[in-house]
Amino acid sequence: MVVVGGGGGNAWAKEMTLRRRMSSIFNKTREHFPSLKDYNDYLEEVEDMTFNLIEGIDVEAIEARIARYQQENAEQIYLSRAKRAEDLAVALKASRMVTVKAGPTDTGISGGAGVQGQYAPAAVPGGLNQPRPTGNAPQPIGGSSDPLHGYDEETMRLRAERGARAGGWTAELGRRRALEEAFNSIFV
């Protein structure tokens with residue numbers, strides 16, 4: 001299952017694949033251990049094996065160790081995967097059932113659908129609520145309410161200037177960079 005080689009492949013993708021595989025096998029939680037130290041030792045051991053697999057260090061021994069762990073802890077691995085799937089299904093169901101009503105005392109953290117700039121809570125496992133934007137989609141620039149509506153020379157210049165400033169650029173910055181590059185190329 002592990003592909004080891006220096007053939008110029010995507011190292012990030014390889015690492016992520018290995019990390020997903022390791023976390024699906026070594027999926028014990030804090031509740032499985034009598035103390036925090038034991039849990040931290042378990043996590044460190046798993047990270048050491050993951051790092052060695054990524055770097056190609058002693059791969060055969062680590063693969064044998066993983067296979068032995070899978071055999072010894074097959075039931076626990078299966079139960080942890082089932083519990084995770086159940087938790088995700090509950091969170092998905094809860095997020096689909098969220099109904100939000102707008103009221104006069106809304107503070108902008110939660111609000112009604114269709115109110116621009118408002119947020120509706122998203123259900124996340126563990127009771128944490130994260131804001132999720134609701135309301136109108138972004139409107140294109142240049143509509144009839146645009147004060148720079150027109151195609152004369154002054155309007156086009158102002159639109160270009162404002163667009164550049166919105167991106168963090170100024171005409172002076174461009175001039176300064178051109179001069180700097182010109183003078184730096186003299187001494188090459």
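**Order of elements.** I read the protein chain from its start and noted the pattern α-α-α-α-β-β-α-α. I counted six helices and two strands in its secondary structure. The model is predicted, so I looked up the confidence next.

**Confidence.** I found a mean pLDDT of 74 for the protein chain, with 62% of its residues at 70 or more. Over residues 102-117 the pLDDT falls below 50. I still count 26 contacts in the model for this stretch, beyond near neighbours in sequence.

**Whole-chain totals.** I took the burial figure for the 188 residues of the protein chain, and 18% of them are buried. I then looked at contacts with a separation of 6 or more, of which 34% join residues 24 or more positions apart.

**Nonpolar core.** Which residues have the most contacts inside the largest nonpolar core? I list Met-22, Ile-25, Phe-26, Tyr-42, Leu-53, Ile-66 and Tyr-69, in a core of 16 residues. I checked which helices supply it, and H1, H2 and H3 each give at least two residues. H2 gives the largest share, six residues.

**H1 against H3.** I looked up how these two helices pack, and their axes are 11 Å apart at an angle of about 35°. On the H1 side I noted Arg-21, Met-22 and Ile-25, which meet Glu-63, Ile-66, Tyr-69 and Gln-70 of H3. Sorted by class, this contact has four nonpolar, one polar and two charged residues. Met-22, Ile-25, Ile-66 and Tyr-69 are also among the residues I listed for the core.

**H3 against H4.** I took helix H3 as residues 59-72 and helix H4 as residues 74-96. Their axes lie 4 Å apart, and the packing angle is about 80°. I therefore enter H3 as roughly perpendicular to H4, since angles of 65 to 115 degrees count as such. From H3 the contact takes Tyr-69, Gln-70, Gln-71 and Glu-72, and from H4 it takes Ala-74, Gln-76 and Ile-77. By class I have three nonpolar, three polar and one charged residues here. I note that Tyr-69 and Gln-70 of H3 appear in this contact and also in the one with H1.

**Thr-50.** I placed Thr-50 in helix H2, residues 36-55. Is Thr-50 buried or exposed? I enter it as buried, because its relative accessibility is 3% and the cut-off is under 20%. Leaving out residues up to four places away in sequence, I find Thr-50 touching Arg-19 and Met-22. Met-22 is one of the core residues noted above.

**Loop between H1 and H2.** I looked up two residues here, Phe-33 and Thr-29. Phe-33 lies in the loop between helix H1 (11-25) and H2, and at 15% relative accessibility I count Phe-33 as buried. What does Phe-33 touch, not counting residues up to four places away in sequence? I find Lys-28, Asp-38, Tyr-39 and Tyr-42. Tyr-42 is on my core list as well.

Thr-29 has a relative accessible area of 32%, so I enter Thr-29 as partly exposed. I also took its C-alpha to C-alpha distance to Ser-80, which is 8.9 Å in space for a pair 51 residues apart in sequence.

**Asp-58.** I looked up the backbone of this residue, which sits in the loop between H2 and H3. Its phi is positive, about 55°, although Asp-58 is not a glycine. I wrote this down because most residues other than glycine have a negative phi. With a relative accessible area of 48%, Asp-58 is partly exposed.

Note on methods
Residues are numbered from 1 along each chain as its sequence is written. This is a predicted model: local features need pLDDT of at least 70, side-chain atom pairs count only at pLDDT 80 or more; totals for chains, interfaces and linings use all residues. Side-chain values use heavy atoms; hydrogens and water are left out. pLDDT is the predictor's confidence in each residue, from 0 to 100. Contact means heavy atoms within 4.5 Å. Axes are lines fitted to C-alpha atoms, for helices over the stretch in contact, and angles run from 0 to 180 degrees between N-to-C directions. Angles under 35 degrees count as roughly parallel, over 145 as roughly antiparallel, 65 to 115 as roughly perpendicular and the rest as oblique. Ala, Val, Leu, Ile, Met, Phe, Trp, Tyr, Cys and Pro count as nonpolar, Asp, Glu, Lys and Arg as charged, and the others, Gly among them, as polar. Buried means under 20% relative accessible area, exposed over 50%, partly exposed in between (1.4 Å probe, protein chains only). A nonpolar core is a set of buried Ala, Val, Leu, Ile, Met, Phe, Trp, Tyr and Cys residues joined through side-chain atoms within 4.5 Å.
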